[in-house]
Each structure stands twice: as structure tokens, then as C-alpha cells.
Amino acid sequence: MRDKTHQRRPKGFNAALLCFAACIMVASFSKAMPAHAQAFAGMGAPSDGYTMPQPYPNFTFPQDHGPHPDFRIEWWYVTANLAADDGTAYGLQWTLFRSALAPEATPQETSRSWKSSQIWFCHAAVTGRDFHHATERYARGGIGQAGVTAKPFQAWCDDWQMAGDTLNRVTLNAAGPDFSYSLELTADKGLVRHGLGGYSVKSTTGQASYYYSQPHFSAQGTLRLARANGAEPQEIPVSGSAWLDREWSSQPLAENQTGWDWFSLNFDNGAKLMAFSLRQTDEETYRSATWIAPNGESSDLAQPALTLRPMDFTQVADRKIPTQWSIKSTNSGKPLDIVVTALNPRSWMDLSIPYWEGPVRISGSHTGTGYLEMTGY
């Protein structure tokens, strides 16, 4: 395994990594696209031999918290909006990705030998108003370096871990050269299924994933930030909210889709919103959203009544990144007119597969905090 910290790379760096990226995000890339978009466009490659998602899935828990090796791509994804005792705001990310080089029939096959076709990689980041630290690790499946078990739940990548008796109460930790953190996450409401009972459609041509979330975590723990000159790390008690996404698929994007803009938003009135926009080569977008009421009940927001529009941009890593957004919905009973602004517009994940991800602040008809992820730029 190896750590990679946030550091500047030449623009052609990703081209040299395409062979490895094929292992992680599927082998076929669109030659018409710039190198920095290819890894995400590759998620629209053909899915021969893999299982495909179907509408209205019959999830079985806790088994479905574990891996699905007959699907090509899968992730366990946590983001958190935290604050120190003095009110200083921080964002935190922890992600474990699984990608299959070939389909496997049972989860047991992913953990017993070098013959496993599973590749694992993990990302972690900590963001403040004036800094963004990110790191990554890779692992080969089958030899115990990384994996997931459903009961008891444990997702790990070397010494990074998310674990608990159930997915409603877990501990979370990660470490990199510039930071480490350890958190306890506790949920007081149930899981939220997106789309058709957890079948989340991504395009007009039918690409889809299985997708559910645990958006109700409260979080508390300790953040440690490195100091200059070898001094002891600064230890900061933090608390706030966290959001877990679980998603797996074999072809989550269409061939003409280049990346996505994804929002997880926590409003001060207790409601929540998951929304995404998938960008296409014809400059159109495919949009979807789930409204989560304060009592935990969820419902779809229809695409025609939902708009996600960039308002302001930041030049980051030689790319023009939209770091302020207008989100509006005219859905009956759920009107929405908000502005979403990055806490730190320079939250660029300068990793082997680069993307933007960081905490956001919400103003307008609703106020609150959340997270924004943008890929393929």
C-alpha cells in the first residue's frame, strides 16, 4: 500500500496512470476526452459478464452492507461537517472503493487468495477554510489488506477502518502525513433509499446503480493536524453531522456522460437533500434528487422541476471549477431556492484520479451545511 498526499503534478500525469486507473475504474476510456475526465467517463464502458441493477431491489441487511463482487464498481463513502469548540469549521471525507477486474460469484472469493479480481483503493481528506489535505492508498483484494464484512460490519484499508455492530453506530478513523482523525458516528433514524426503492437511474438510456444512504449520523471525536518543525500534532475535539453513501453498479454512467456534481445537504430545520447532475457531451444534464423530511421519510424530486446551476467559478489545478451553485425546486410541497457555496473553493483532491470535494454552506430559502463532490473536470 502507499500514501499519496496533496501535491502538484504536471497536467499529463493522469495519462501515465491510465493503466492503473483501468484496474480501479474500468478499462475502456473515451479518447475524445481530456485525460482528467477519462477515468469517470470510463464508468460508462460496456459491462459484459457483470450483474446489472434492477428496479425495486430487495435489499437484505446486514448482508448488503458488504461487498457485491459480481458488480463492477462499489463504494462506502462518508462525509462529515464538523466544528471545534471555538466554532471553527472542518470537513472530513473517508471513502473505500472496490473495483472488479472480472466478475466474481460470491463475496468469499474476494478475500482468500491473490487470484481475487478485486482492486481496492481508499481516499481520506480534511478541509478547513484555508487548507485541504488529501491522501490515498491502494490494495489488492484477496490478501487481507482491504475489504468489507457485513456482520459485524467492518470496512478497512490497511489501518483505516469503519466498523460497528450495525451501520447505525460505527467508529471511523484514517491517517495521512498531514492529519489523522477518529470519530464515533451514531444514527437516530433509518436508511434512505434513492430512486425506485434504491434503484437510482443515471441517464435517459437506463444506466443505474443501487444506492442508499445513512444521512442521519451525529459525529464526535478528535481531529489531529500536523504542525511545522516536527511539533506534536494539534488535537482538536470536533462534533457535527455525517452522511454515509452506499452505492454499487456495473455501468453507472452512459457513454456520453463525463462526470457528475453531487450534493448532500443538511438543512437547519432538520430536512435533508441528496441531489446530483450528470454532465453529457451534448451539454445537457441528467438530474435526480431525494428530499428527506425531518422525520426521515423520503421522496423523489421530479427532474423537470429541479434545476442545479453554477453561479461562480474558481480556477483550481488549471481547471475552471464551479464552487457556488443555485439549486431550485418547484416540486409541490417542497419549494426550494438556495445558494450552495464552498467553504474552501480550493478543495481539489489531487490524487491519481483527481476530483473536487469539500464542505459547503447553504443560504436562501433554507440554511445549513453539506458536501459537494464534482468529477470529470
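The legends below describe close-up views of side-chain contacts in a predicted model.

**Figure 1. A salt bridge joins Arg98 and Glu74.** The closest N and O atoms of Arg98 and Glu74 are 2.9 Å apart. Arg98 belongs to strand β3 (residues 89-100) and Glu74 to strand β2 (residues 73-84), so the salt bridge ties together parts of the chain that are 24 residues apart in sequence. Arg98 has a relative accessibility of 1% and counts as buried. Glu74 is also buried, with a relative accessible area of 0%. The whole structure holds eight salt bridges.

**Figure 2. Asp159 forms a salt bridge with Arg137.** In this pair the closest N and O atoms are 2.5 Å apart. Asp159 sits in the loop between β7 (153-157) and β8 (160-166), while Arg137 is in strand β5 (residues 131-140), so parts 22 residues apart in sequence are tied together. The two partners can be told apart by their accessibility: Asp159 is partly exposed at 47%, whereas Arg137 is buried at 8%.

**Figure 3. A salt bridge links Asp261 to Arg279.** The closest N and O atoms of Asp261 and Arg279 lie 3.1 Å apart. Asp261 is part of strand β15 (residues 257-267) and Arg279 is part of strand β16 (residues 272-280), so the pair ties together parts that are 18 residues apart in sequence. Asp261 and Arg279 are both buried. Elsewhere, salt bridges with shared partners join Glu74, Arg98 and Arg246 into one network. Arg279 also has an aromatic neighbour, since Arg279 lies over the face of Tyr377 at 3.8 Å from the ring centre.

**Figure 4. A disulfide joins Cys122 to Cys157.** The S to S distance is 2.2 Å. The torsion about the S-S bond of Cys122 and Cys157 is about -55°, so the disulfide is left-handed. Cys122 comes from strand β4 (residues 118-128) and Cys157 from strand β7, so the link ties together parts that are 35 residues apart in sequence. Both cysteines, Cys122 and Cys157, are buried. The count for the structure is one disulfide.

**Figure 5. Phe59 and Tyr210 form an aromatic pair.** The structure has 18 aromatic pairs. The pair of Phe59 and Tyr210 is edge-to-face, at 5.7 Å centre to centre and with 85° between the planes. Distant parts of the chain are linked here: Phe59 is in the loop between α3 (35-41) and β2, Tyr210 is in strand β13 (residues 208-225), and 151 residues separate them. Phe59 counts as buried at 9% relative accessibility, and Tyr210 counts as buried at 11%.

**Figure 6. Phe59 also pairs with Trp248.** The rings of Phe59 and Trp248 are tilted, with 5.6 Å from centre to centre and 55° between the planes. Trp248 lies in strand β14 (residues 234-249), and the pair links distant parts of the chain, with Phe59 and Trp248 189 residues apart. Phe59 and Trp248 are both buried. Ring pairs connect Phe59, Phe61, Phe71, Tyr210, Tyr212 and Trp248 into a cluster.

**Figure 7. Lys320 places its charged end over the ring of Phe313.** The distance from the charged end of Lys320 to the centre of the Phe313 ring is 4.7 Å.

**Figure 8. The largest nonpolar core has 46 residues.** Those with the most contacts inside this core are Trp94, Leu96, Met162, Leu172, Tyr181 and Leu185. Strand β13 gives the most to the core, with seven residues. Leu172 touches Val78, Leu92, Trp94, Gln161, Met162, Tyr181, Ser182, Leu183 and Leu185, when residues up to four places away in sequence are not counted. Another core lies apart from the largest one; it has 27 residues, among them Leu265, Leu273, Trp348 and Val360.

How values were computed: Residues numbered from 1 in each chain as written. Predicted model: local features only at pLDDT ≥ 70, side-chain atom pairs only at ≥ 80, totals over all residues. Heavy atoms only, no water. Salt bridge = Lys/Arg side-chain N within 4 Å of Asp/Glu carboxyl O. Helix = DSSP H or I, 4+ residues; strand = E, 2+ residues; numbered from the N terminus. Buried < 20%, exposed > 50% of the residue type's maximum accessible area, 1.4 Å probe, protein only. Disulfide = S-S within 2.5 Å. Phe/Tyr/Trp six-rings, centres within 6.5 Å; stacked < 30°, edge-to-face > 60°. Lys NZ or Arg CZ within 6 Å of the ring centre and 35° of its normal. Core = buried A, V, L, I, M, F, W, Y, C linked by side-chain atoms within 4.5 Å. Contact = heavy atoms within 4.5 Å.
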